[in-house]
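Hi everyone, thanks for making time this morning. I'd like to walk you through one structure, so please have a look at it first.

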Amino acid sequence: YASWSLSDPVAALDYAKSSMPAGMARTEAIGIAVNKWAAKDPRAAWLWSEENLNGPVKEQAQTDVMIGWTRKTPEIAAQWLVSSGYTSQNLVGAVARTYAEQQPREALDWAKTLHEPAARRTAIDTSAREWLTQNPAEAVPALLEEVSKPEGTDLPIIIADVWGTTAPAATAEWLKNLPASAAKDEAAATLATVWAANDINAAVAWSGTLGDEAMRKQVITHIGTTWGAIEPDGALAWLYSLPGDLAKDGVIGAFHSWAATDATGLREWVDE
């Protein structure tokens, strides 16, 4: 379908629509075809989807049109989406992500110009996540202004999730300097999960440096929950060495994780 749509997209799409049974395969074939068509003639690809499709298949096809168009000419596709008045989360997210794959700073700047609050939030978060994946050293300073805004509450969590997978210590240092907030606590909990999955000893050591008791409790809970799925005996031994008020939620989390990953082992432990 990708090759056919380059030479005769209408024929490829008409065949998929009329000859394939409804389902994932047909949806994917249509998406591939309109995606390739959009790189050459986005208006025609969009109009075909408007006139020939409906429901979820139409929504997916139009998302694929915007991805193909944005990959070819990101600025034009992004500005058209704004002028069209469409605020679908799928469309906005697809454009932001594809734009940021090529020009992350420009994609973030575009996202900030969106007026509809939900669309703006989606575009900022999506472009930020892509930029962080590519180059956190550039992205994190560029995101500071957005992080400080009341509506930017998801960004610390996104930063902790993405940056924490490659540089958890640097992420922890950055988090330490943020003003106290619920978002900061949640970001610390996210970092705890990411860090514990990769280096449990370092994550545990970090938890001991936290002075904010509420944040430390959240971090301990998430470390215990993550560790409990990997090495429950070690997790529980550590949790029982801590003050009960700090560790109790982590103990519950560790048992839940143990039950989910090794119910037989947990039952044997209880029987002993």
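When I say two residues touch, I mean that they have heavy atoms within 4.5 Å. One more thing before we start: this is a predicted model.

Let's begin with T190, which sits in helix α13, residues 182-198. Setting aside residues up to four places away in sequence, T190 touches I157, A160 and D161. Is T190 buried or exposed? T190 counts as buried, because its relative accessibility is 19% and the cut-off for buried is under 20%.

A second threonine, T126, is in helix α9, residues 117-134. T126 also comes out as buried, with 19% relative accessibility. Outside its neighbours within four places in sequence, T126 is in contact with G93, A96 and R97.

Back in helix α13, we also find A182. At 61% relative accessibility, A182 is exposed. How far apart are A182 and V270 in space? The C-alpha to C-alpha distance is 36 Å, with the two positions 88 residues apart in sequence.

V270 itself belongs to helix α18, residues 263-271. V270 is exposed, at a relative accessible area of 56%. Together with Y240 and W269, V270 makes a nonpolar surface patch of about 330 Å².

There is a charged patch to look at as well. E231, D233, D262, E268, D271 and E272 gather on the surface as a patch of negative charge. One of them, E231, lies in the loop between α15 (213-230) and α16 (232-240). E231 is partly exposed, with a relative accessible area of 43%.

Now to the salt bridges. Side chains of opposite charge can pair when their charged atoms come close. How many salt bridges does a search of the whole structure find? The search finds 7, and I'll show you some of them.

In helix α9 again, D125 and R121 are 4 residues apart, about one turn of the helix. Their side chains meet in a salt bridge at 3.0 Å, N to O, and both residues are buried.

In helix α12, residues 168-176, E173 and K176 are 3 residues apart, also about one turn. Their salt bridge is 3.1 Å, N to O. Here E173 is partly exposed at 42%, while K176 is exposed at 53%.

Finally, E50 forms a salt bridge with K58, with the closest N and O atoms 3.1 Å apart. E50 is partly exposed, at 28% relative accessible area, and K58 is partly exposed at 21%.

That's my tour; I'm happy to take questions.

Note on methods
Residues numbered from 1 in each chain as written. Predicted model: local features only at pLDDT ≥ 70, side-chain atom pairs only at ≥ 80, totals over all residues. Heavy atoms only, no water. Patch = residues over 30% accessible without salt bridge, like charges linked within 9 Å, V, L, I, M, F, W, Y side chains within 5 Å. Areas by Shrake-Rupley, 256 points an atom, 1.4 Å probe, with all protein chains shown as cover. Salt bridge = Lys/Arg side-chain N within 4 Å of Asp/Glu carboxyl O. Lys, Arg positive; Asp, Glu negative; His and termini not counted. Charge placed at Lys NZ, Arg CZ, Asp CG, Glu CD. Helix = DSSP H or I, 4+ residues; strand = E, 2+ residues; numbered from the N terminus. Buried < 20%, exposed > 50% of the residue type's maximum accessible area, 1.4 Å probe, protein only.
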